[in-house]
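Student: I would like to go through this model term by term. Please set each value against its definition before drawing a conclusion.

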Amino acid sequence: MTKSKGSIEAEISKVLTQWEKDYLGRGSVSVKTDILRDMIIVSLKGVLTPAEYTLCKTKEGKSMIKKTRSDLVETGVDILRDYIYSITGQKVISFHTDLSTMTGERIIVFKLASDLEETFRSTK
């Protein structure tokens, strides 16, 4: 029996939440994953700490938080690629991320080697 699109999205959300806790020391408030064609799009809300929100009140603070958070995530990208491969069987060919210092939301996009969403259409 093959996994449904929804179950894979939920599994990715769960794994990313655990990765945040294990690797970054704390998890986000909520995580939502969507598979769209050859992309996995993950939205993580509540990423910043109260202290980081305070730092983000200045231009220098925003820049520092974005760079530090980006560097932290980038150092763990190989682990994330392995998780995505183990869940989907698809190789990640590129990784993109950005953080909003206003909302504390991080968006992560995993670009896959092929159209994962198509596999769900063809199994119906």
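Tutor: Start with pairing: two strands pair if DSSP finds at least two bridges between them. Strands (E, at least two residues) and helices (H or I, at least four) are DSSP runs, numbered from the N terminus. This is a predicted model, in which local features need pLDDT of at least 70 and side-chain atom pairs count only at pLDDT 80 or more, while totals for chains, interfaces and linings use all residues. Residues are numbered from 1 along each chain as its sequence is written, and side-chain values use heavy atoms, with hydrogens and water left out.

Student: What makes S2 and S4 a pair?

Tutor: Six bridges join them in the antiparallel sense, and the definition asks for at least two. In one of these bridges, Ile41 has Val109 in S4 as its partner.

Student: How do you know that S1 and S2 pair, and that S3 and S4 pair?

Tutor: S1 and S2 run antiparallel and are joined by seven bridges; Val31 stands opposite Leu44 in S2, and Leu36 has Met39 as its bridge partner. S3 and S4 (residues 106-112) also pair in the antiparallel sense, over seven bridges, with Lys111 in S4 as the partner of Ser94. The result is an open sheet of four strands in the order S1-S2-S4-S3.

Student: Why are S1 and S3 called edge strands?

Tutor: S1 (30-36) and S3 (92-99) are edge strands because each pairs on one side only.

Student: What makes Arg37 stand out by its phi?

Tutor: Arg37 has a positive phi of about 50° although it is not a glycine. Most residues other than glycine have a negative phi. Arg37 is in the turn of the hairpin that S1 and S2 form, with two residues between the strands.

Student: Why is Arg37 called partly exposed?

Tutor: Buried means under 20% relative accessible area, exposed over 50%, and partly exposed in between (1.4 Å probe, protein chains only). Arg37 is at 44% relative accessibility, so it counts as partly exposed.

Student: Why does Thr101 count as buried?

Tutor: Its relative accessibility is 11%, so Thr101 counts as buried. Thr101 lies in the loop between S3 and S4. Its contacts (heavy atoms within 4.5 Å) are Leu48, Tyr53, Cys56, Lys62 and Lys66, not counting residues up to four places away in sequence.

Student: Which side chains of S1 are buried?

Tutor: Val31, Thr33 and Ile35 point to one face and are buried, whereas Ser30, Lys32, Asp34 and Leu36 point to the other and are not. In S2, five of the seven residues are buried.

Student: What makes the enclosed space a cavity?

Tutor: On a 1 Å grid over the protein atoms alone, a cavity is a set of points where a 1.4 Å probe fits but cannot get out, and lining residues have an atom within 4 Å of a point. Grid points are joined across faces, edges and corners, and a volume is the space filled by probe spheres set on the points. The structure holds one cavity of 30 Å³ or more, and the largest cavity has about 40 Å³ of space.

Student: Which element gives the largest share of the lining of the largest cavity?

Tutor: H1 does, with three residues. The lining includes Trp19, Leu44, Arg69 and Ile108.

Key:
On a 1 Å grid over the protein atoms alone, a cavity is a set of points where a 1.4 Å probe fits but cannot get out, and a pocket is an open set with protein on both sides within 12 Å along at least five of seven lines; lining residues have an atom within 4 Å of a point.
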